[in-house]
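Trainee: I have a chain open and would like to talk through how it is put together. Can we start from the whole and work down to the helices?

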Amino acid sequence: MVCVNTSIPTRPCCKFRVEIVPTSPKPQDSRAWKKLTQLAALSIQSRLSDLSAATDRFERSSYRATFGHHEILLDLSKQRLDQPILDALLQLARERGLTEQRKRLFEGGEMNNSEHRSALHTALRAPLGERPESVRDLVEQTLERFVGFAEEVRSGARRGYSGKAFTDIVHIGIGGSYLGPRLVVEALQTQFPQRLRFHFLANIDGEAIDRCLTGLNPETTLVILVSKSFTTLETRVNGESARSWFLERTTNKQALAQHFVAITANIDAAKAFGIGEDTVFPVWDWVGGRFSLWSAVGLGIALAIGASGFRNLLSGANAMDEHFLKTPLENNLPVLLALAGVWNYNFLGVNNHAILPYDHRLNLLPDYLQQLEMESNGKSVHTDGTPVGIHTMPIVWGGEGSNGQHAFHQLLHQGTRSFTADFLVIANADHAHDVHQRWLLASALGQSQAMMIGEQGKSSHQNVPGDHATTTLVLDQLTPFTLGVLLAMYEHKVFCQGVIWNINSFDQWGVELGKQLAEPIFDQLGDNSSLGQDTATKGLINYLKGQ
């Protein structure tokens, strides 16, 4: 087992070696890519289980790193990797300039070239003195404001218009303004027992807002609206309906400012909505939505786990940032995780990747990573706009273990599709049900073993082919700190793959088209027109209007 030393110098003392600068925007033109193509042709001639037969396989192919008092294990022993393949993958990373791009990320370079923006989410969790000077004070002031606000609500010092303490928090957002906060709140809330109840709303479906608000008392409900632009369709419509719900029941427009909070870059729009200036918290264009839970977007997290819990979450993410920035590529956990993906997706033909958390608290992790990875790296052109000519991100999906074993695992074991999987395991549970925990861990290990070795059944119906590569990630405990470590590791994995593929991991133009096309359809569903539509869409519009 490779032990990674995380006792490294602080960021200002770090020295960076000169990195190879890519001479072509296309990774497939590099020497390492050609070498990996050759190695892949050789690798598939033997079964994955043959590699794992070596007595020192686990020791040579797993990586253990210590972060504070916690440890994370990245086990690649069930991946189709050997030392020549790993060496070639590391060379590919160097040829693609990963070290230099990593340095630019932390220094605030323009990583999002289509929108001419930095991607400085790492500054949100860095200690004050280690942030880029341009955002140092801004980040600190905002952090102090929103965690202070959270503590006032938690303690009951800040109350609703009638003098009653808040009991329910309604968080309204969508995408990165929703998935990250909900994941963290639901993963950690039971560790911080308190009287607040949390309700998350994203879907524009009226059924969703009815279910969210039913039974709530407006006198004790705090609504958080999260939208960088404050014009996001779903958040705007849900926010307006929540405001109407509040005003219809209180008939007190002045009370709105005490019950609605906004996290946005559009301060004026939030004020026009009726939100008081002291409860509008900024988020900036250098913080992408899917990288934003570390900002004021995480207000709901601070409300759930308190200021100290939120700061521990930031500290865990920063510990992974330091590891990613300063650890050599060959022992760098996000880099290794990214390279295993590139190997599977680009050289072994894998087209989908399953996230399988074996801990109920992480049941939303597949949804969160689906957005983080697919929205970031679901791209078909290089940063210069030319076609990539290769596959980038596969389809990411998954579900909670062991529920999935009695559902989609059948396809994984006996279906015809290629896949890889990440198993997420927490070694030490917070509950006292030892038998439950042992069975949960045994199930995770048994499933990954079956995917690797398979079984020759008594008949063809019972055959389990196996030969599927999986990664196992083990956290010693699930705490705010370790969850911060885990989520930051996946963020950096996404970044590494984007660098290797030479794509922009920080824009999402594909999301916008469907929104734009919905605008005229919305109007046409309410009038007698369907002009300008293709015949198929026109037919559906007319059919729905007749129902």
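Trainee: How many helices and strands does the protein chain have?

Mentor: This is a predicted model. The protein chain has 19 helices and 14 strands.

Trainee: What is the radius of gyration, and what does the globule rule give for 547 residues?

Mentor: The radius of gyration is 24 Å, close to the 24 Å from the globule rule, so the chain is as compact as a globular protein of that length. Along its principal axes the C-alpha trace spans about 70 × 60 × 55 Å.

Trainee: And what share of the residues is buried?

Mentor: Buried residues make up 53% of the 547. As for contacts with a separation of 6 or more, 76% are between residues 24 or more positions apart.

Trainee: Switching to single helices. Is helix 7 mostly covered or mostly uncovered?

Mentor: Mostly covered: helix 7, residues 179-188, has 8 of its 10 residues buried. Those are L179, G180, P181, L183, V184, V185, A187 and L188.

Trainee: What covers the buried residues there?

Mentor: The cover includes two strands, strand 6 (168-172) and strand 7 (197-201). It also includes helix 12 (299-326), helix 14 and helix 17.

Trainee: Take those last two, then. At what angle do the axes of helix 14 and helix 17 cross?

Mentor: Roughly 25 degrees, with the axes of helix 14 (residues 365-377) and helix 17 (residues 480-501) coming within 10 Å. That makes helix 14 roughly parallel to helix 17. The crossing is right-handed.

Trainee: Which residues meet?

Mentor: From helix 14, L365, Y368, L369, L372, E373, S376 and N377. On the helix 17 side they meet L486, L487, Y490, E491, K493, V494, Q497, G498 and W501. By class, this contact has 9 nonpolar, 4 polar and 3 charged residues.

Trainee: Now helix 5. How does helix 5 lie against helix 17, parallel or oblique?

Mentor: The axes of helix 5 (residues 98-107) and helix 17 come within 10 Å and cross at roughly 130 degrees. The two helices are therefore oblique to each other.

Trainee: Left-handed or right-handed crossing?

Mentor: Right-handed. Helix 5 contributes L98, Q101, R102, L105 and F106 to the contact, and helix 17 contributes H492, F495, C496 and V499.

Trainee: What classes do the residues in that contact fall into?

Mentor: The contact of helix 5 with helix 17 has 6 nonpolar, 2 polar and 1 charged residues.

How values were computed: Residues numbered from 1 in each chain as written. Predicted model: local features only at pLDDT ≥ 70, side-chain atom pairs only at ≥ 80, totals over all residues. Heavy atoms only, no water. Axes fitted to C-alpha atoms, helices over the stretch in contact; angles between N-to-C directions. Helix = DSSP H or I, 4+ residues; strand = E, 2+ residues; numbered from the N terminus. Parallel < 35°, antiparallel > 145°, perpendicular 65-115°, else oblique. Left-handed = near helix turned anticlockwise from the far one by under 90°. Contact = heavy atoms within 4.5 Å. Nonpolar A, V, L, I, M, F, W, Y, C, P; charged D, E, K, R; others polar. Rg over C-alpha atoms; globule rule 2.2 N^0.38 Å. Buried < 20%, exposed > 50% of the residue type's maximum accessible area, 1.4 Å probe, protein only.
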